[in-house]
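Please work through the exercises below with the sequence and the structure side by side. Each exercise gives a task and then a solution in steps.

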Amino acid sequence: MLPIAGKIFLLILIALTVYFFVQRAKYLIDLLKLGTPEDRFDNPKERWKYVLGQVLPQRCATKNVTKKDLAGVGHLLLFYGFSVYVISYGFHITEAFYDKLSPALFGVAFNNFFYLLLDTAGLVVIASLLWAFIRRYIVKPDRLEPSMDAGIILVVVFCLMIMSFSVEGFRLLAEETPFTDWAYMGNAFSQVFANMGLQESSHTLFYVFWYLHMIVVLGFGIYILYSKHLHVLAAHPNLYFHSTKPKGSLEPIENMEEAERFGASDITHYSWKHLLDLYACTECGWCNENCPANVSGKPLKPKDVIHNMKEHLLATGKDLLAKKAEETQGDEEEPTLVRAVVTEDEIWDCTNCMACMEVCPVAIEHVSKIDEMRRYLVLMESNFPAEVQTVFKGMETNSNPWGIGMSTRADWAKDLGVKTLAEDSEVDILFYVGCSGAFDDRYKKVSVAMVKILQAAGVKFGILGTEEGCCGDSARRIGNEYLYWMMAQQNIEVFNGYNVKKILATCPHGYNTLKNEYPQFGGDFEVVHHTEFILDLIKNGRLKLKGGLAKTITYHDSCFLGRYNTIYDQPREILGAISNTNLVEMERNRRFSFCCGAGGGRMWMEEDRGDKINEVRTEEALSKNPDMIATACPFCMTMFEDGLKAKNAEDKVKVLDIAEFVANQLIDN
Amino acid sequence: MNIVVCVKRVPDTETKIKIGGDGKAIDPAGVEFVINPFDEYAIEEAIQIKEKSGEGEINILSLGSIDAQVIMRKAYAMGAEKGVHLNDDSANPDNLAVAKSLAAQLKEMSFDMVLFGKQAVDDDSASVAVQVAQLLNIPIVTRVIKMDIADGKATAERESDAGKEILEVTLPAAFAAEKGLNEPRYPKLMDIMKAKKKPLEQKEAQMDAPKMEIVEMKYPPERPPGKIVGEGVEAVPELVNLLKNEAKMI
């Protein structure tokens, strides 16, 4: 128990800490309030479940653990180790004011156990700090950039652990009745101090070290708010306020007719949750490591976008708050975020593959941030890669990105005996063909294969023929929400006109937007992807398959099928059902799958920065020596076929859609 | 600088044209209609001239059925302020009648320049612009690929099959835009929204009785199928032989 002067000193320390902490915290919260409103308060039960499910088992960090990258385990150790220390600091303070308020309050057994746990936790923390230190400054994996912040924290926490052991040691040496026998590190330190002849000054040294370590602890509490360790406080609310909408779905623009601004050009155009994202960033770099743009050497690095936005917010925050107070907050002439903080190249590099969001431990929403800036560029500035204009015009006039005459949309099905809903609307399922399936010469074959399968299984289906329109996904992802909205409206009207209930789609982009985004415009349909549908047909015995295809096949996960809709198993199960050989997996598969390069409207843009993403991915596939590459997406198919041509491997390796594999294996009746 | 841009609604170039039952007109079913692509260059140029000079206004003039107003709104979205629609459902094929009707309207408007596309991609007659200029008694430069305006004069570069001509004309004058004059802009959403509210005057077109009649429409002859003469070096002599003696290209 501290003397009265000591208590006052401690009180002053605590008061100062609280003062500076509250000051800074208030500033950070005020900055969040600069953001636009967004309702993330619904469904608290599910939200609590999510945040606890992420934090307690440290799923947030361990979900990315692979043989090559065990850092998530390190985080788990550090998290739990340090958590025990946070509790111990609580006891330190309470005990300082009233000595009954120590761990011994809960009995000797608890006390002993607590100190055993604490000392062990200290060792665990030291071990994980050393591990982190070695990784950061010796091993240097790509995803970690050495930062001052990280170094300071490693050193400070390390010192803190040593000080804590010293405090225990001096206390054990100074006090008549040792407070615990199980504090083995404390006892060891005490022994060392005794050997050093510090027995007599132990009382003084105990106080010196005690105050020193409390000052560090309290200072650390403030430092957190100024460093990347803000995530310690911001990650939890960020996880709590995570998006509960379908994964990766973009928000519509409300009241498009009346709105005065579209998309985001200034930091304040984002919602408070998007700003909270910035605080939550741990700078772990997992997003960078999995970003196809970054990996292929393009300017876009998702972590840097988030970090730069955070720095920008903190740097301009005072001015922004002042403007808000004077009610002069308005739109700047020149955007203060687009170009100034996030370059146009970065904005256009994104493939919307969502790998960054999938691996982000703290639920940051990178993709929608970038797409908001695209909306600004397209809708406010009409500023986008030149080649995209023909795509927009093609969609506007002929409802497909190539601008091919829409009267030819059903030509692929001419001799297949397929009926349109206009001819017969009494069907169980609508086959939504999509633009690739209708116009792309290669992918028309997949549509034909799909028809063969449906006919073989006796499914009562129909197509829309020339009444079908582009799903609009590419327009939306490029930022042309208006065009997307028109496409969606038109399609929903046609679907409803035929009282469509269930829709089958082959293209994951159409599948995703019909299923997850059309409900935003009142289009509620049951949408299935052909890989789901075909697997059901196989399982229900409705398809007779030869089986026994003796080829080495590697399956490439489409982003909009995999990460967006967690369809990973179905295509693999289908291939398993028809193939004799084991599937070979590429290094990056399933949720870590590497984009083909065509998502986010990149299908329609020149790729003139860095390496070609499709070639990077094709090389990865070729390294497994497959006979065939299986895809389930028209864009992926195009990207692989181009990649194989670039690698002179188009004669050796074939790209087939899952539907084609199945159609080729059908036993003719 | 006041500019009038004459625009025409035409079938999209990607549309598969079907000749209607009477053999004298196209079947409009399943046809998508757009602004005549050459007229888009004219609109863009007008906007750029206005942006540069910082004054004046752009008027859109279109003759045709009520649907012409759809493409006029697209011109508004690009940046034109207002316009006049001369309503005419007659599908009169006589370009002179069209030119007279446009000229009559233009006489009521104040302008320094009248811009056209070099031709409409539906009938490809390329005659209306010239006829209008004649009727208004103003100079016209056709197939313009570059324009500069200064001191009441325009310097225009026109492309001809033989090369380029650079002409100077005194305003008011007419110009017919060729591809390459500029890159027509994609409208901003705000401008699309504003375009819906801009004034559009509708008048009945005064049309002379046609002195021209479409007798029959025919498809172009089908292209004969291509021929693969072989592969690699061995195929070259045969290819040269065919190009020389059969195709008579070399």
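**Exercise 1. Determine how far helix 23 of chain A is covered, and what follows this helix.**

Solution. Helix 23 of chain A runs over residues 530–539 and is mostly covered, since eight of its 10 residues are buried. Helices here are DSSP runs of H or I with at least four residues, strands are runs of E with at least two, and both are numbered from the N terminus. Buried stands for under 20% relative accessible area, exposed for over 50%, and partly exposed for what lies in between, with a 1.4 Å probe and protein chains only. The buried residues of helix 23 include A:His530, A:Thr531, A:Glu532 and A:Phe533, and the list continues with A:Ile534, A:Leu535, A:Leu537 and A:Ile538. After helix 23 of chain A comes A:Gly541, with a positive phi near 70°.

The model is predicted, so that local features need pLDDT of at least 70 and side-chain atom pairs count only at pLDDT 80 or more, whereas totals for chains, interfaces and linings use all residues. Residues are numbered from 1 along each chain as its sequence is written, chains are lettered from A and ligands numbered from 1 in the order in which they are written, and side-chain values use heavy atoms, with hydrogens and water left out.

**Exercise 2. Describe chain A and chain B by their secondary structure, extent and burial.**

Solution. Begin with chain A, which has 27 helices and seven strands, and whose C-alpha trace spans about 100 × 65 × 45 Å along its principal axes. Of the 669 residues in chain A, 58% are buried. Chain A exposes about 27,900 Å², of which carbon and sulfur atoms supply 58%; such areas come from the Shrake-Rupley method with a 1.4 Å probe, and for residues only the protein chains shown count as cover.

Turn next to chain B, which has six helices and 11 strands, and whose C-alpha trace spans about 65 × 45 × 40 Å along its principal axes. Buried residues make up 44% of the 250 residues in chain B, and about 13,800 Å² of chain B is exposed, with 52% of this area supplied by carbon and sulfur atoms.

**Exercise 3. Classify the aromatic pair A:Phe79 and A:Tyr80, and then that of A:Phe106 and A:Phe110.**

Solution. The rule first: rings of Phe, Tyr and Trp (its six-membered ring) pair if their centres lie within 6.5 Å, and planes under 30 degrees apart count as stacked, over 60 as edge-to-face and the rest as tilted. Over all chains the count by this rule comes to 35 aromatic pairs. The ring centres of A:Phe79 and A:Tyr80 are 5.0 Å apart and their planes stand at 85°, so this pair is edge-to-face. A:Phe79 is partly exposed at a relative accessible area of 23%, and A:Tyr80 is partly exposed at 36%. The pair of A:Phe106 and A:Phe110 is edge-to-face, with 5.1 Å from centre to centre and 65° between the planes. Here A:Phe106 counts as exposed at 53% relative accessibility, whereas A:Phe110 is partly exposed at 32%.

**Exercise 4. Find the arginines that lie over aromatic rings in chain A and chain B.**

Solution. A charge sits over a ring if NZ of Lys or CZ of Arg is within 6 Å of the ring centre and within 35 degrees of the ring normal. In chain A, A:Arg24 lies over the face of A:Tyr226 at 4.0 Å from the ring centre. In chain B, the charged end of B:Arg9 sits over the ring of B:Phe33, 3.8 Å from its centre.

**Exercise 5. Place the backbone features at A:Arg339, A:Asn352 and B:Pro172 in their loops.**

Solution. Although A:Arg339 is not a glycine, its phi is positive at about 75°. A:Arg339 belongs to the loop between helix 13 (302–325) and helix 14 (344–349) of chain A, and A:Arg339 is partly exposed, with a relative accessible area of 30%. A:Asn352, another residue other than glycine, has a positive phi near 55°. A:Asn352 lies in the loop between helix 14 and helix 15 (355–359) of chain A and is buried, at a relative accessible area of 0%. In chain B, the peptide bond from B:Leu171 to B:Pro172 is cis, with omega near 0°, and B:Pro172 is found in the loop between strand 9 (163–170) and strand 10 (173–177).
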